[in-house]
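Subject: Structure handover

Hello,

Here is the structure I promised to pass on. Please open it beside this email and follow along as you read.

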Amino acid sequence: MSRATTAEINISALHHNLNRVRQIAPHSKIIAMVKADGYGHGMLRIAEHLPEVDAFGVACLEEAVLLRDAGIAQTIILMEGFYRPTELDTISKLNFEIVVHEPHQVETLLKTKLTKPLNIWLKIDTGMHRLGFPPEKTLDLYQSLNSNPQISKINLMTHFSDADHLEKSKTQNQIELFHSTVKDLSVDTSLCNSAGILGWPQAHANWVRPGLMLYGVSPFKNKTGMEHDLKPVMTLRSDIMAIHDCQKGDAIGYGERFICPESMRIGIIALGYGDGYPYHAPNGTPILIETTKKAVPLIGSVSMDMLAVDLRQARDVAIDDAVILWGDGLPVEIIAQHAQTIPYELLCNIKRRVRFEVV
Ligand SMILES: *Cc1c(COP(=O)(O)O)cnc(C)c1O
């Protein structure tokens with residue numbers, strides 16, 4: 001028998017989540033964000049099962065080319081545009097759309113001879129201060145690009161910095177600044193990531209850009225996807241590979257981070273940080289025994305290939321019993337809270353040696 005460490009990718013959950021986006025933003029077209037290898041789920045695996053979305057969003061040309069080469073025919077948008085002028089040739093040949101956010105990109109666009117006219121997304125910085133043009137420069141930029149025959153269509157977009165904080169006024173300010181910037185232009189617009197889609201319906205506009213919620217996960221702290229009727233697409237599994245009866249005072253694993261307070265049974269699970277499980281998960285992080293749906297606590301430091309659990313409350317567990325590290329029945333949001341990180345990071349960290357199974 002080979003190592004049981006697998007990431008199950010549930011396509012019906014993916015479709016369910018896409019339908020949730022449609023229900024929540026019924027008047028918007030959908031850009032499915034599949035950057036960073038589809039948030040760790042496998043970019044092609046996800047994209048080939050979303051034939052009905054309007055577009056895909058990626059971070060860079062390399063990701064876009066992988067999608068096209070795999071036969072993905074939909075619009076593909078490079079969210080960071082091009083880094084080097086040499087990329088423009090491929091961008092135009094393969095019909096990619098690009099986000100334009102820096103003056104050097106505008107200069108290059110205006111002086112480079114393209115094979116075909118290009119659709120672009122002009123990014124306005126309404127307060128994230130990461131990428132984008134200042135709102136007051138937008139009109140001039142729009143006009144100089146719009147008068148260039150190489151540019152076939154210009155859409156306008158912005159990105160929220162705090163949409164996951166419903167109590168803050170920042171997002172409303174960003175929405176108002178964006179709308180006052182674009183109000184005299186007849187263009188398509190896009191503002192919302194997952195938190196925007198779920199929390200700020202007044203900003204749905206023509207296009208929405210769901211990432212995390214497509215994978216069934218909540219962008220809000222202290223919430224899980226379930227609370228938005230989303231279903232986890234990834235379930236990370238392994239099994240119990242060893243069971244030991246330890247004595248009071250025995251130290252478990254590297255650095256003696258857990259000392260047995262009494263004689264107790266412990267289990268060793270075939271999965272560690274070398275598979276993408278967070279090293280920083282503390283004692284007590286829940287791990288689900290699949291057959292009983294009972295959570296047992298992690299104990300001791302996470303190793304590269306293994307981790308240990310306390311089996312005092314699960315005496316009937318046997319070798320080869322399956323466990324769930326996150327996914328079905330154990331939201332990745334909970335693990336992220338324990339490990340003091342965000343679910344985005346956990347999903348993106350899944351390593352190549354984990355076997356993927358599409359169901
Ligand atoms: C990644 C990304 C998104 C998706 O964000 P989620 O929080 O995962 O929904 C949307 N827009 C842009 C520009 C992005 O880079």
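A residue counts as near a molecule if one of its heavy atoms lies within 4 Å of it. Keep that cut-off in mind for the ligand below. Also note that this is a predicted model.

**The ligand**

Which residues are around the ligand? From the early part of the chain come Met 33, Lys 35, Tyr 39 and Met 79. Then there are His 159, Asn 193 and Ser 194. Arg 209, Pro 210, Gly 211 and Leu 212 are also on the list, and so is Tyr 344.

Three side chains deserve a look. Tyr 39 places a polar side-chain atom 2.5 Å from an oxygen atom of the ligand. In the side chain of Ser 194, an N or O atom is 2.5 Å from a ligand oxygen. For Tyr 344, the distance from a side-chain N or O atom to an oxygen atom of the ligand is 2.6 Å. Taken alone, the ligand exposes 390 Å². The protein buries 93% of that area.

**Helix α2**

Tyr 39 belongs to helix α2. Its phi is positive, about 50°, although Tyr 39 is not a glycine. Is Tyr 39 buried or exposed? Its relative accessible area is 7%. The cut-off for buried is under 20%, so Tyr 39 is buried.

Asp 37 sits in helix α2 too, which covers residues 35–39. Asp 37 also has a positive phi, near 55°, and is not a glycine. Its relative accessibility is 44%. Partly exposed runs between 20% and 50%, so Asp 37 counts as partly exposed.

**The largest pocket**

Now the pockets. The largest pocket holds about 990 Å³ of space. It is lined by 39 residues. Closest to its centre are His 159, Asn 193, Pro 219, Ile 342 and Tyr 344. You have met some of these names already: His 159, Asn 193 and Tyr 344 are also around the ligand.

Which helices each supply at least two residues of this lining? They are α2, α9 (194–199), α10 (332–338) and α11 (343–348). By class, the lining has 18 nonpolar, 11 polar and 10 charged residues.

**The second largest pocket**

This one has a volume of about 280 Å³. Asp 37 is one of its lining residues. Others include Gly 40, Gly 42, Leu 66, Cys 348 and Phe 356. Helix α3 (residues 43–47) gives the most to the lining, with 3 residues. The classes are 6 nonpolar, 2 polar and 4 charged.

**The cavity**

How many cavities of 30 Å³ or more does a search of the whole structure find? The search finds 1. About 40 Å³ of space lies in the largest cavity. Its lining residues include Lys 123, Asp 125, Arg 130, Thr 158 and His 159. By class, the lining splits into 3 nonpolar, 3 polar and 3 charged residues.

**One loop residue**

Last stop: Thr 285. Find it in the loop between β13 (264–269) and β14 (286–289). Its relative accessible area is 0%. With the buried cut-off at under 20%, Thr 285 is therefore buried. A polar atom of the Thr 285 side chain lies 2.7 Å from the backbone oxygen of Pro 282.

Best wishes

Terms used. Residues numbered from 1 in each chain as written. Predicted model: local features only at pLDDT ≥ 70, side-chain atom pairs only at ≥ 80, totals over all residues. Heavy atoms only, no water. Helix = DSSP H or I, 4+ residues; strand = E, 2+ residues; numbered from the N terminus. Buried < 20%, exposed > 50% of the residue type's maximum accessible area, 1.4 Å probe, protein only. 1 Å grid on protein atoms, 1.4 Å probe; cavity = no way out; pocket = protein on both sides within 12 Å on 5 of 7 lines; lining within 4 Å. Points joined across faces, edges and corners; volume = space filled by probe spheres on them. Nonpolar A, V, L, I, M, F, W, Y, C, P; charged D, E, K, R; others polar. Polar contact = N/O pair within 3.5 Å; in protein donor to acceptor, adjacent residues only side chain to side chain. Areas by Shrake-Rupley, 256 points an atom, 1.4 Å probe, with all protein chains shown as cover.
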